[in-house]
Amino acid sequence: MPRTALRICPLCEATCGLTLTIEGTTVTGARGDRDDVFSRGFICPKGAAFGALDTDPDRLRTPLVRRDGRLCEATWEEAFEAIAAAIPALVQEHGPQSVGVVLGNPNVHTMAGPLSPPLLLKALGTRNLFTASTLDQMPKHVSSGLLFGDPFAIPVPDLDRTDFLLLLGANPVESNGSLCTAPDFPGRLKALRARGGTLVVVDPRRTRTAKLADRHLAPRPGSDALLLAALAHTLLAEELAAPGALEELTEGLGELAEALGSFTPEAVAPACDLTAAEIRGLARDLAAAPTAAVYGRIGSCTVEYGTLASWLVDVLNILTGNLDRPGGALFPLPAAGPRPRTAGPGKGFTLGRWTSRVSGHPEAKAELPIAALAEEIETPGEGRIRALVAIAANPVLSAPDGRRLDAALAGLDFMVSIDPYLNETSRHAHVVLPPPPPSQSAHHDFAFNGFAIRNQVRYTRAAVPLEAGRLDECEIHARLVLAVSGMHGSAAPDAVDDMVIQSTLAKEAADPHSPLHGQDPARLAGLLTGESGPERRLDLMLRLGPYGDRFGAGSASASEAGAGAGAGLSLERLLAHPHGIDLGPLRPRLRGVLRTRSGRIELVPDPIAAELPRLRAALADRPAALVLVGRRHLRSNNSWLHNIPALTGGSNRCTLQVHPLDAGRLGLTEGGLARITADGGSLEVPVEVTDSVRTGVVSLPHGWGHDRDGARLSVASAAPGANVNQLLDGSRLDPLSGTAVLNGFPVELTPLP
């Protein structure tokens, strides 16, 4: 008899609630959960394909261990014994920096992803951390760290209340949003216009999002920082800036006009390929709107001046008085996050506390550029990466110069991969640890609730019992921590969670500012509920969070939490609300967010000021004749959904989009082949002639290139596409964040017979 179960979708940042139809232990259908407090029944094709992903026959079901050069099925005990025998010995002989860790995008879509890697890094003692952040969002973390003192203090647009929304380099109708968790993004944009608001989209392509806009500007790719600087310059020069209450919390307003003095609309117009009148008009409209929000994403981050563009997005929100204001850009307050802090100075944010061994790239947020991973493996000498732990990561496709990285991975002494597939990266591993399918995993969005446009909290337990012979993903991570720590076989996986709980409660009991000061940590630990270590940790985080019951030591007040509905929160209470608990709209809380050393917004921090001359010099650059940008598709998410038949085919194809005028000039034809060449080499790709991309720009999607021997992706390998990142050699980086320049780089095209 079919039954239904609830599950939060883990396939993109929208985090929609799903109602699964289950027959036996098989998910046979998925629809939107109409009672979900956040998504209200919205679903996209990815969520609808949940069952196909869950039952994909290419998913690994048992660990793999390399024997005599071949990956063979093994028991879990054999897999962890192999790790315990290899990694501690390598660390002992070559030091902790001989091990690197790579975290991929799907990592944050799981319970284990946010909870376990910090413990793994601590156990290894390595600083060699590489993540997908330096392929997409790191510029925003860096700019927020410099402005507000906290790299995770990222304001999100108040989509449901704003009167004017300016989107740059974002296509949320197809991506479902990024660093802005908003189920039914298309519906919210339509609602904005229906209530009389204005949507302006800045994008070199006429995307589905751009088609919804009141106004679409199509500048040259990579010119976002120049355009934003000219908008800010206009606000200041025409005395349209009105920061209001933000002025007393901001230092550097006086320096800003001088810092941006060169970026007049007339000066930047040629580089942007927009008119000065268009730029001035946009600045005036932004200033005149009753409320407004500026939002920039992947297209404005993965470019040469990504951190400057991310900084200027918030500069505009500050100058117009829309930061920390309903209808503007606000800071979410997640239920499992830290409780609100007392306003005042903090430790601030520092870049470059250490550098990479080979090229000296500075760290950002304790991460090194993933574009530098290959050289850190290849280059001999002390500190060379000899072992790698890759979690939900496929950098052979997602990072620049996959061929070089592919060869480097083959030379590792040892590699561990936590991945459900044998893909282009995990095929190099000595041990592959496959997590169970998502229906067999519990889910809470630790990461994305910190970027949600409405405060809410949801948790779903596994919809299907764990299949015999599988391990829960959190247990896999815990066993990995024990194995690399030299504790394999001497401690149970639950000991890892217990250690975190005991340490956290001991700190709370010793903190005179904590409501738990002076209490017995062991007694408090005994009050936690949950069926597993991760559930007990979630209960702890909810209870200590801004809406928590604090073990009865004084629940969060409505004024402190920002919403009375969530006061007294615990796991037990959350489980009683299977569709989630609505915690109310975002509210102003800037004073509790700021952690700069001054205790104020530091509007022109030194690293930004030092980078502005480089942007100023770009005004004189001669634009390349042809540049490349990526593109998103609603039925895709980087490289990890191309093996699902329902999500491939149709318009979700790896084609090179070229404007008709450029196609005619270059002798390219619809459906013909072209050779595209850039810093890292050449690719042969099919041509799609379309006026949805502006002249001087071509577009090739990200995440394709499933043509390597040894991978087991039968659907993806049948239509492999081309790996756009192979066009890059890794030398183009945003210097402040170490983020790879994946958009707006010059290319050359030649037709092929």
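**Exercise 1. Work out whether Glu13 is buried or exposed, and describe its surroundings.**

Step 1. Glu13 has a relative accessible area of 10%, so Glu13 is buried (buried means under 20% relative accessible area, exposed over 50%, partly exposed in between, with a 1.4 Å probe and protein chains only).

Before we go on, a word on the model: it is predicted, so local features need pLDDT of at least 70 and side-chain atom pairs count only at pLDDT 80 or more, while totals for chains, interfaces and linings use all residues. Residues are numbered from 1 along each chain as its sequence is written, and side-chain values use heavy atoms, leaving out hydrogens and water.

Step 2. Now find Glu13 along the chain: the loop between strand 1 (3–8) and strand 2 (17–23) holds this residue. Helices (H or I, at least four residues) and strands (E, at least two) are DSSP runs, numbered from the N terminus.

Step 3. Next, look for partners beyond four places in sequence: Glu13 is in contact with residues including His109, Cys180 and Phe448 (contact means heavy atoms within 4.5 Å).

Step 4. Finally, try a distance. From C-alpha to C-alpha, Glu13 and Pro88 are 36 Å apart in space, and 75 residues separate them in sequence.

**Exercise 2. Find out how many residues of helix 6 are buried, then look at Ser143.**

Step 1. Helix 6 spans residues 138–148, and eleven of its eleven residues are buried. Among them are Met138, His141 and Phe148.

Step 2. Pick out Ser143, which lies in helix 6. Its relative accessibility is 1%, so Ser143 counts as buried.

Step 3. Setting aside neighbours within four places in sequence, Ser143 is in contact with Thr307, Ser310 and Trp311.

Step 4. Look just past the end of helix 6: there Gly149 takes a positive phi of about 90°.

**Exercise 3. Compare the radius of gyration of the protein chain with that of a compact globule.**

Step 1. The radius of gyration is taken over C-alpha atoms, and the globule rule is 2.2 Å times the number of residues to the power 0.38.

Step 2. For 753 residues, a compact globule would have a radius near 27 Å; the protein chain has 25 Å, which agrees.

Step 3. Add the outline: along the principal axes, the C-alpha atoms fill a box of roughly 70 × 65 × 60 Å.

Step 4. Fill in the rest: the protein chain has 28 helices and 29 strands, and buried residues make up 61% of its 753 residues. Of the contacts between residues at least 6 apart in sequence, 73% join residues at least 24 apart.
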